[in-house]
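Please walk me through this protein model, starting with one helix and then moving on to the open and closed spaces in the fold.

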Amino acid sequence: MDSPEETITGIVSRLKDAPGALLPILHAIQDELGHVPAAAVPVIADGLNLSRAEVHGVVSFYHYFRDTPPGRHTIHLCRAEACQAMNQRTLERHAKARLGIDFHQTTADGVFTFEPVYCLGNCACAPSMLVDGELYGRVTPDRFDSIASEWERR
């Protein structure tokens, strides 16, 4: 198993000549490590002949990229119009209170990272959420608690 530094260097070497290489490199690093660590910024900058500020600017601009490791499980809560029409805002407030965090944050115990998403394609069963790739529809605050409790045990 490669160290994070070796993983980053390998990804930059492999993808640096691709058109528009910065985003594919960032995605590959996050896919491998779960986040884009600060130590990756100078390696990417050197490999692409960019400034560190340019690379950091892209990482910090896009909410998708994380600079800290995610929780053991990631909850994506749909915020699209169909879910909003079915009481998503109440569910969102409940979820934030239950988890004790806001979007783009991780619970203190490292179990959950909470992320917004703008359509899961499950509009007929709104409001919807995704936990580690498992889709849930017609989520109420009580059902959210049940689902979260189940995933806490995993």
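**Helix α1 and the spaces in the fold**

On the other side of α1 from its buried residues, E5 and R14 are exposed. The model is a predicted one, and α1 is a convenient place to begin reading it. This helix covers residues 4-15, and its 12 residues should span 16 Å at 1.5 Å a residue; the end C-alpha atoms are 16 Å apart, which agrees.

The buried residues of α1 are T7, I8, I11, V12 and L15. They cover an arc of only 125 degrees around the axis, which puts them on the same side of α1. The spacing follows from a general rule: an α-helix has 3.6 residues a turn, so residues three or four places apart point the same way. Buried here means under 20% relative accessible area, and exposed means over 50%. What do the buried residues of α1 pack against? Their partners are α2 (22-33) and α3 (40-48).

Helix α2 appears again in the largest pocket. This pocket has a volume of about 360 Å³. It is lined by 15 residues, and the closest to its centre are Q30, H63, Y64, H76 and E115. At least two residues of the lining come from each of α2, β1 (73-78) and β3 (112-117). Strand β3 gives the largest share, 4 residues. Sorted by class, the lining of the largest pocket holds 7 polar, 5 nonpolar and 3 charged residues.

The second largest pocket contains about 150 Å³ of space. Its lining consists of V36, P37, A38, V41, H56, V59, S60, F65, R66 and D67. Helix α4 (residues 52-61) provides the largest share of that lining, with 3 residues. By class, the lining of the second largest pocket has 6 nonpolar residues, 2 polar and 2 charged.

There remains the enclosed space. How many cavities of 30 Å³ or more does the structure hold? The count is 1. The largest cavity has about 30 Å³ of space in it. A cavity differs from a pocket in that a 1.4 Å probe fits inside but cannot get out. Around the largest cavity lie C78, A80, A82, C83, C119, L120, G121, N122, C123 and S128. Of the residues in this lining, 7 are nonpolar and 3 are polar, with no charged residue.

Technical notes
Residues numbered from 1 in each chain as written. Predicted model: local features only at pLDDT ≥ 70, side-chain atom pairs only at ≥ 80, totals over all residues. Heavy atoms only, no water. 1 Å grid on protein atoms, 1.4 Å probe; cavity = no way out; pocket = protein on both sides within 12 Å on 5 of 7 lines; lining within 4 Å. Points joined across faces, edges and corners; volume = space filled by probe spheres on them. Nonpolar A, V, L, I, M, F, W, Y, C, P; charged D, E, K, R; others polar. Expected span 1.5 Å × (residues − 1). Buried < 20%, exposed > 50% of the residue type's maximum accessible area, 1.4 Å probe, protein only. Arc of directions from axis to C-beta. Contact = heavy atoms within 4.5 Å.
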